[in-house]
Amino acid sequence: TPRQRSFKYYALLVASLLLPLLGFFVYATRYQTNFFSYITIALLLNILLLSLFYRRLKMKKSALKLQREEFFEKANVLKADLEKESRVIAAFRKKIIAYSQLKGLVEKLSMCLSQEDSAHTLCHEAGRLFEHADATIILYLFDPASGDLAIAAAERNQRAVNIKTKTGDIFDHWIMKNLQPLYLEDARNDFRFDQEKLEDTEARVIRSVLSVPLIVDKKLIGILRLDSPEASRFHKEDLRFLNTIGDVAAVALENAQLYDKVEDLAIRDSLTGLYLRRHLADRLQEELARHLRRDKPAAFIMLDLDHFKHYNDKFGHTAGDLVLKHIAALMKTHFAGAGNLLCRYGGEEFCAVLPECSKEEAVALANRFVELVQNESVVLRREKTPVTVSAGVAVFPEDARTREELVQRADQMLYEAKRKGRNRVCSI
């Protein structure tokens, strides 16, 4: 080692100085005593030389110590730089992975057309990207008509969950008000939010929160949110990534909303808001096939306004439109059961498909609707005008085995009601 080599060097130097003195001392002792003066002078010279060498050695040791400290300082700086570079490389690699996953999210969202499909795909894929098993990801959509939020999808650990606050909690309302992302390391230590109010409205424990508004052209589309029962569960880098996802999601959801509107215009009557006849044909076929598999009945009610031409002739076509809208509104209220399909069949004819409904139930519903229409007058040109309807009822598979046959049987019963004096219900 360098230390061993230095020791050998100085030992050799000391020996080269002391050995001649030792030889002179032996010579002076045995042969010539006056030679001691020369030995003394030589000894002084050796002491002087040794002092100079010692001083030089000390200076060299100091220089070596300083060099060693500088070396360790440079080593520490290099180590810190290497660690920093490693962190940058790891972060860059993580970003590459994240944005490649984001590319997959964009591709999957682009394959979704409806808002419902887009919402569930977004929630599922975003939850997969963050990979927090205890985190709940929620998507709320904003309804401009009511000014409220409505939950569209919610998942935890890639499984759908039921969220109690269907219209958002204090965190979501804060975002609606401020239109800014929200990052909470611990919700219990944030003075902006009332924890007692949160505990009253939300059964889940919420400590960490990441939430971003989904905005397109300064218009709020919805809110995408992650929350966890653990404090400090997320980082600010997670918020930046969620914000990027939110930018993509906002555009995808807006496109899905536009698609749903166009789809809705294609299958709904613009005057009454009920489904059109062509949509009925497709849906009725599906419903009958489903009921046949499950061995359940499905009722079909055909309705027709009595003496509709009278309203147009007496009050004009605008009045006739008012009557049609009036009947459609009553149908939406009266036949408001889950899965019921209400359509404007054509002109002044309407129909209702009632899943898993027996003939007795369907006839009773139709009779109550006929009575409801009779009791609800329409004001036409400031004049209360009575309106009545006739109805025909047929049930699958009791009265018919096919879609066409079911419609035909209900239509026959409708004409039977007309023949018997109108304002009544007939069934097979």
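1. What covers the buried residues of α7? Hold on to that one while I set the scene. This is a predicted model, and its chain has 11 helices and 13 strands. Of the 428 residues, 39% are buried. Looking at contacts with a separation of 6 or more, 64% join residues that sit 24 or more positions apart. The chain exposes about 25,900 Å², with carbon and sulfur atoms supplying 55% of that.

2. Back to helix α7, then. Its buried residues are His279, Leu280, Leu284, Glu287, Leu288 and His291. The cover over them includes two helices, α6 (236-267) and α11, together with the strands β7, β8 (341-346), β9 and β12. You can also check the helix with a ruler: α7 runs over residues 277-294, and 18 residues at 1.5 Å each should span 26 Å, which agrees with the 25 Å between its end C-alpha atoms. Just after the helix comes Asp295, with a positive phi near 55°.

3. Try the same check on helix α3, residues 115-130. Its 16 residues should span 22 Å, and the end C-alpha atoms are 23 Å apart, so the numbers agree. Buried residues in α3 include Ser118, Thr121, Glu125 and Phe130. Glu131 follows α3, and its phi is positive, near 55°.

4. Now for the inside. The largest nonpolar core has 35 residues, and Ile301, Leu305, Ile327, Met331, Phe335, Leu354 and Phe369 have the most contacts within it. Elements giving two or more residues to this core include β7 (298-305), α9 (317-334), β9 (349-355) and α10 (359-375). The top contributor is α9, with 7 residues. Apart from this core lies another, of 31 residues, among them Leu105, Leu141, Leu226 and Ile245.

5. Met331 is a good residue to click on. Ignoring neighbours within four places in sequence, Met331 is in contact with Leu274, Leu303, Leu342, Phe350, Cys351, Ala352 and Phe369.

6. Leu414, in helix α11 (residues 403-419), is worth a look too. Is Leu414 buried or exposed? Its relative accessible area is 1%, so Leu414 counts as buried. Beyond residues up to four places away in sequence, Leu414 touches Met302, Leu303, Asp304, Glu349, Ser390, Ala391 and Gly392. Cys426 is 12 residues from Leu414 in sequence, and their C-alpha atoms are 6.6 Å apart.

7. On the surface, Ile41, Leu45, Leu48, Leu49 and Leu52 make a nonpolar patch of about 470 Å². Ile41 belongs to helix α2 (residues 36-110).

8. Last, the charged pairs: there are 25 salt bridges. In one of them, Glu254 pairs with Lys219, with the closest N and O atoms 3.5 Å apart. This pair links distant parts of the chain, Glu254 in helix α6 and Lys219 in strand β6 (residues 219-228), 35 residues apart. Glu254 has 17% relative accessibility, so it counts as buried, whereas Lys219, at 42%, counts as partly exposed.

9. Compare that with Asp313 and Lys309, whose side chains meet in a salt bridge at 2.8 Å, N to O. These two both lie in helix α8, 4 residues apart, or about one turn of the helix, and both are exposed. Another bridge joins Glu404 and Arg403, the closest N and O atoms being 2.8 Å apart. Finally, Asp169, Asp172, Arg204, Arg225 and Asp227 are joined into one network by salt bridges that share partners.

Conventions:
Residues are numbered from 1 along each chain as its sequence is written. This is a predicted model: local features need pLDDT of at least 70, side-chain atom pairs count only at pLDDT 80 or more; totals for chains, interfaces and linings use all residues. Side-chain values use heavy atoms; hydrogens and water are left out. The expected span of a helix is 1.5 Å times one less than its number of residues. Buried means under 20% relative accessible area, exposed over 50%, partly exposed in between (1.4 Å probe, protein chains only). A nonpolar core is a set of buried Ala, Val, Leu, Ile, Met, Phe, Trp, Tyr and Cys residues joined through side-chain atoms within 4.5 Å. Contact means heavy atoms within 4.5 Å. Patches are made of residues with over 30% relative accessible area and no salt bridge: like charges are joined within 9 Å, nonpolar side chains (Val, Leu, Ile, Met, Phe, Trp, Tyr) within 5 Å. Accessible areas come from the Shrake-Rupley method with a 1.4 Å probe; for residues, only the protein chains shown count as cover. A salt bridge is a side-chain nitrogen of Lys or Arg within 4 Å of a carboxyl oxygen of Asp or Glu.
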